[in-house]
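The following exercises concern helix packing, ligand contacts and backbone geometry. Each task is followed by a solution in steps.

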Amino acid sequence: MRMILVGPPGAGKGTQAQRLVDTFQIPHISSGDMLRAAVKEGTDLGKAADGFMKAGQLVPDEVVIGMILERIAKPDCAKGFMLDGFPRTIPQAEALDAAMTAAGVTLDVVLMIEVPDALIVERGVGRRNDPETGRIYHVKFDPPPPEIADRLVHRKDDTEEAITKRLTYYHDWTAPILPLYEQKGLLRRVDGVGTPDEVKARITATLAN
Ligand code: AMP
């Protein structure tokens, strides 16, 4: 299974990806997670990405494309992968398409998780990430157990200002990739409003069709 998860920031892509990889036994490849790890390690890639990420802007295509194409060429992706947060622009979608064609593999599905703009800021500012397990919580909608509260991280780009900027980038740069996949009959839309379990059930039903 080769799939892409797409949706606005805070749509639940990371939350659902964690649940879906268990079902499909394929690697979850999150461009945001890879970039955050590079920033933490202080690599050249991380240094190039840091300022853009803090400001809620997109990291330049050439940086992200190289990182992802290298990652999906690794042996653990031979049977499939779940991309989360990539592609986010038309040049990224085109580069992915060209690399997959050259490798003789095809995409199975592009799953779009839809959440209205009005909900996005509230979801983002309340989001908390557990660095130990990778699990994503929300202070109101999916509260963490009190004993782990101290170790949770609030992403630097989950402020109201950065989320609003990321949402604008989503509409201006990412939404235009959707018709490319719609024309190929690969796009499936799922309502992302509800609990993580409710959304997962919708995704499972959609993928079963
Ligand atoms: P995410 O974790 O997917 O919300 O990504 C966090 C941030 O990483 C984004 O706001 C961008 O600054 C950067 N980023 C992640 N994926 C990409 C991408 N495909 N293209 C450009 N920037 C990206």
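A polar contact is a pair of N or O atoms within 3.5 Å. The structure to which this cut-off is applied is a predicted model.

**Exercise 1. Ligand contacts**

Task: Identify the residues that come nearest to the ligand, and state which partners lie opposite its nitrogen atoms in Val 59, Arg 88 and Gln 92.

Solution.
Step 1. The ligand has 16 residues around it, and those that come nearest are Ser 31, Arg 36, Gln 57, Gly 85 and Gln 92.
Step 2. In Arg 88, an N or O atom of the side chain is 3.0 Å from a nitrogen atom of the ligand. This pair is a polar contact because the cut-off is 3.5 Å.
Step 3. In Val 59 the partner is a polar backbone atom, 3.0 Å from a nitrogen atom of the ligand.
Step 4. Gln 92 contributes a polar side-chain atom, which lies 2.9 Å from a ligand nitrogen atom.

**Exercise 2. Helices α4 and α5**

Task: Classify the packing of α4 and α5, and determine which residues make the contact.

Solution.
Step 1. Helix α4 spans residues 61–72 and helix α5 spans residues 90–103; their axes are 10 Å apart, at an angle of about 30°.
Step 2. Angles under 35 degrees count as roughly parallel, and α4 is therefore roughly parallel to α5.
Step 3. The crossing of these two helices, α4 and α5, is right-handed.
Step 4. From α4, the contact is made by Asp 61, Val 64, Ile 65, Leu 69 and Ile 72; from α5, by Pro 91, Gln 92, Ala 95, Leu 96 and Ala 99.
Step 5. Sorted by class, the contact of α4 with α5 comprises 8 nonpolar, 1 polar and 1 charged residues. Gln 92 thus appears both in this contact and among the residues that come nearest to the ligand.

**Exercise 3. Helices α6 and α7**

Task: Carry out the corresponding analysis for α6 and α7.

Solution.
Step 1. The axes of α6 (residues 117–125) and α7 (residues 160–174) come within 9 Å and cross at roughly 135°.
Step 2. At this angle, α6 is oblique to α7.
Step 3. The crossing in which α6 passes α7 is right-handed.
Step 4. The contact is formed by Asp 117, Ile 120, Val 121, Gly 124 and Val 125 of α6, with Glu 160, Ile 163, Thr 164, Leu 167 and His 171 of α7.
Step 5. The residues in the contact of α6 with α7 divide into 5 nonpolar, 3 polar and 2 charged.

**Exercise 4. Helices α1 and α9**

Task: Describe how α1 and α9 cross.

Solution.
Step 1. The axes of α1 and α9 (residues 196–208) come within 10 Å and cross at roughly 50°.
Step 2. This makes α1 oblique to α9.
Step 3. α1 passes α9 in a right-handed crossing.

**Exercise 5. Backbone exceptions**

Task: Locate the cis peptide bond and the residue other than glycine with a positive phi near 55°.

Solution.
Step 1. Most residues other than glycine have a negative phi, and most peptide bonds are trans.
Step 2. The cis peptide bond joins Phe 86 and Pro 87, with omega about -5°. Pro 87 belongs to the loop between β3 (81–84) and α5.
Step 3. The positive phi, near 55°, is that of Gln 25, in the loop between α1 (13–24) and β2 (28–30).

How values were computed
Residues are numbered from 1 along each chain as its sequence is written. This is a predicted model: local features need pLDDT of at least 70, side-chain atom pairs count only at pLDDT 80 or more; totals for chains, interfaces and linings use all residues. Side-chain values use heavy atoms; hydrogens and water are left out. Axes are lines fitted to C-alpha atoms, for helices over the stretch in contact, and angles run from 0 to 180 degrees between N-to-C directions. Helices (H or I, at least four residues) and strands (E, at least two) are DSSP runs, numbered from the N terminus. Angles under 35 degrees count as roughly parallel, over 145 as roughly antiparallel, 65 to 115 as roughly perpendicular and the rest as oblique. A crossing is left-handed if the near helix is turned anticlockwise from the far one by less than a right angle, and right-handed if clockwise. Contact means heavy atoms within 4.5 Å. Ala, Val, Leu, Ile, Met, Phe, Trp, Tyr, Cys and Pro count as nonpolar, Asp, Glu, Lys and Arg as charged, and the others, Gly among them, as polar. A residue is near a molecule or strand if one of its heavy atoms lies within 4 Å of it. A polar contact is a pair of N or O atoms within 3.5 Å; within protein, one must be able to donate a hydrogen and the other to accept it, and residues adjacent in sequence count only if both atoms are side-chain atoms.
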